[in-house]
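Good morning. I will go through one chain today, starting with its parts and ending with a few single residues. Please keep the model open while I talk.

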Amino acid sequence: MIERTIFREEHEIFRETVRRFVDREIVPFHAKWEEDGIVPRELWLKAGAAGLLCCTVPEEYGGTGLDYLFDVVVFEELWRSGASGPGFLIHTDLVATYLLSFGTEAQKRKWLPKMVSGEAIGSLGMTEPHAGSDLKAIRTRATRDGDDFVINGQKVFISNGQLCDFVVLATKTDSHAGAKGVTLFIVESDRPGFKRGRNLEKLGMKAQDTSELFFDNVRIPGSNLLGKEGKGFAQMMTKLSQERLAQAIRSATVTETVIDWTLRYTAERSAFGQKIADFQNTQFKLADLRTKAAVARVFTDKCISLFMEGKLDPVDAAMAKMFTSELHCETVDECLQLFGGWGYMWEYPIARAYADARIVKIAGGSIEIMKTIIARQMYSQHGFALQKNGAVS
């Protein structure tokens with residue numbers, strides 16, 4: 001594998017701290033959390049005390065003001081351990097980022113210190129039963145009433161939905177204005193009319209709470225507006241590259257990890273009088289996957305560097321997300337096959353990785369959306385415009 005060059009010594013020292021925390025506080029308990037469908041709030045407090053949450057939040061808001069690579073280290077070590085339960089990514093990489101980018105000084109001072117410490121858990125409320133990737137189609141409504149807004153609607157597939165203390169909520173403040181009618185708000189979970197639905201039973205990522213949320217005449221003050229009224233869609237678009245980069249980092253990490261698990265297993269397991277590793281099919285399969293993993297890692301690390309320089313193009317982020325997501329799913333499928341029947345047993349990490357993997361082709365924008373973004377840029381560079389149905393004009 002080509003040596004990674006984006007991390008400095010301080011990042012690797014921090015990585016050892018994170019790895020010890022994960023091995024001590026998460027790995028021994030994760031199977032129980034999968035049964036429960038949720039991780040305990042105490043874990044968030046421990047993670048906050050250990051400095052694992054919101055590493056980039058500036059010191060004036062209770063953080064350490066570190067660079068993005070410290071957050072990357074946390075995410076990589078969680079995914080390398082197979083721990084898909086703690087919803088730190090949504091909390092750190094998205095919710096805190098929205099507050100830092102668009103929040104008022106009062107909003108930042110109220111929420112960010114508590115997010116850093118783990119006292120307040122953040123969630124992102126965008127997806128609705130009829131509106132997934134098409135965020136312009138959301139129906140959750142925020143109606144102005146004097147100095148307040150009254151919110152009615154429903155969200156679904158909301159990570160940290162059972163635990164969250166507040167949600168950054170996408171609403172429509174003007175149902176006739178399309179994308180220009182979308183507005184973001186901070187909505188506290190203890191407000192009257194805020195209701196959590198069931199903790200959804202998912203194919204994978206079983207320890208991460210994922211919920212329906214309902215808003216029944218939830219009244220919030222105008223000071224809860226995040227950014228400017230009618231600018232919510234534009235605000236969300238500025239964060240998509242970061243969200244898709246995080247998905248690429250996850251998939252690149254899990255791909256490498258699963259290959260390593262399979263190398264060890266096939267080197268120890270025998271069949272027909274020889275090690276599974278001795279079969280040419282095993283060697284060819286793993287050589288192919290390792291090569292693709294190297295390509296994915298180099299491209300993903302380049303995207304991380306571009307992001308930190310403020311130069312990550314949305315199309316490059318889409319390509320990284322598409323390529324690594326597809327490779328992630330291919331790898332867990334091919335590697336599970338090499339585990340044979342044991343690969344189908346939930347006690348083996350490969351089985352859980354297989355179940356966890358399928359969401360990566362959907363979360364952060366589906367593979368089909370990524371391909372559309374990439375194709376539109378390709379045609380536009382050559383002076384062609386694509387119609388909404390994909391035809392060239």
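We begin with what the UniProt record says. In an unreviewed entry, UniProt places the feature "domain: Acyl-CoA dehydrogenase/oxidase N-terminal" at residues 9–119. Keep in mind that what you are looking at is a predicted model. In this model, residues 9–119 are 68% helix and 0% strand, and the C-alpha atoms at the two ends of that span are 30 Å apart.

The next annotation along the chain, also from an unreviewed entry, is "domain: Acyl-CoA oxidase/dehydrogenase middle", which UniProt gives for residues 124–218. What is the make-up of that span, in helix and strand? Residues 124–218 are 0% helix and 51% strand, with end C-alpha atoms 17 Å apart.

The record also lists "domain: Acyl-CoA dehydrogenase/oxidase C-terminal", again from an unreviewed entry, at residues 230–378. This span is 76% helix and 3% strand, and its end C-alpha atoms lie 30 Å apart.

Apart from those annotations, there is a domain assignment for the chain. It gives domain 1 as 9–120, domain 2 as 123–228 and domain 3 as 234–382. In the contact between domain 1 and domain 2, 26 residues come from domain 1 and 24 residues from domain 2. The centres of these two domains, taken over C-alpha atoms, are separated by 23 Å.

Now a pocket. The second largest pocket has a volume of about 310 Å³. Which domains each give at least three residues to its lining? They are domain 1 and domain 3. The lining counts 20 residues in total, and those nearest the centre of the pocket are Ser81, Gly82, Ala83, Trp261 and Arg352. Sorted by class, the lining has ten nonpolar, six polar and four charged residues. Three helices each supply at least two of the lining residues: helix 2 (30–36), helix 7 (232–268) and helix 10 (349–357).

Let us stay with Ser81 for a moment, one of the residues nearest the centre of that pocket. Ser81 sits in the loop between helix 4 (68–80) and helix 5 (88–102). Is Ser81 buried or exposed? Neither: its relative accessibility is 28%, so Ser81 counts as partly exposed. Leaving out residues up to four places away in sequence, Ser81 touches Val22 and Val27. Val22 is 59 residues away from Ser81 along the chain, yet their C-alpha atoms are separated by 7.6 Å.

Helix 7 and helix 10 both help line the pocket, and they also meet elsewhere. Helix 10 has these buried residues: Ile350, Ala351, Ala353, Ala355, Asp356 and Ala357. What covers them? The cover includes helix 7 and helix 9 (314–339).

Within helix 7 we can pick out Ser251. Ser251 has a relative accessible area of 0%, so it is buried. Not counting residues up to four places away in sequence, Ser251 touches Thr324, Ser325, His328 and Val360. For a contrast with those contacts, take Lys155: it is 96 residues from Ser251 along the chain, and the two C-alpha atoms are 26 Å apart.

Another serine, Ser366, lies in the loop between helix 10 and helix 11 (367–381). Ser366 has 15% relative accessibility and therefore counts as buried. Apart from its neighbours within four places in sequence, Ser366 is in contact with Ser133 and Lys361.

Last, two backbone angles. Most residues other than glycine have a negative phi. Which way does the sign go at Phe157? Phe157 is not a glycine, and its phi is positive, about 60 degrees. Phe157 lies in strand 3 (residues 148–159). Phe157 has a relative accessible area of 56%, and because exposed means over 50%, this residue is exposed.

Met205 is the other case. Its phi is near 45 degrees, again a positive value in a residue other than glycine. Where is Met205 found? It is in the loop between strand 6 (194–199) and strand 7 (210–221). The relative accessible area of Met205 is 14%, which means that Met205 is buried, since the cut-off is under 20%. So of these two residues with positive phi, Phe157 is exposed and Met205 is buried.

That is where I will stop.

Key. Residues numbered from 1 in each chain as written. Predicted model: local features only at pLDDT ≥ 70, side-chain atom pairs only at ≥ 80, totals over all residues. Heavy atoms only, no water. UniProt positions renumbered as here; feature names shortened; annotations may be inferred. Helix = DSSP H or I, 4+ residues; strand = E, 2+ residues; numbered from the N terminus. 1 Å grid on protein atoms, 1.4 Å probe; cavity = no way out; pocket = protein on both sides within 12 Å on 5 of 7 lines; lining within 4 Å. Points joined across faces, edges and corners; volume = space filled by probe spheres on them. Nonpolar A, V, L, I, M, F, W, Y, C, P; charged D, E, K, R; others polar. Domains from an automatic or database assignment. Buried < 20%, exposed > 50% of the residue type's maximum accessible area, 1.4 Å probe, protein only. Contact = heavy atoms within 4.5 Å.
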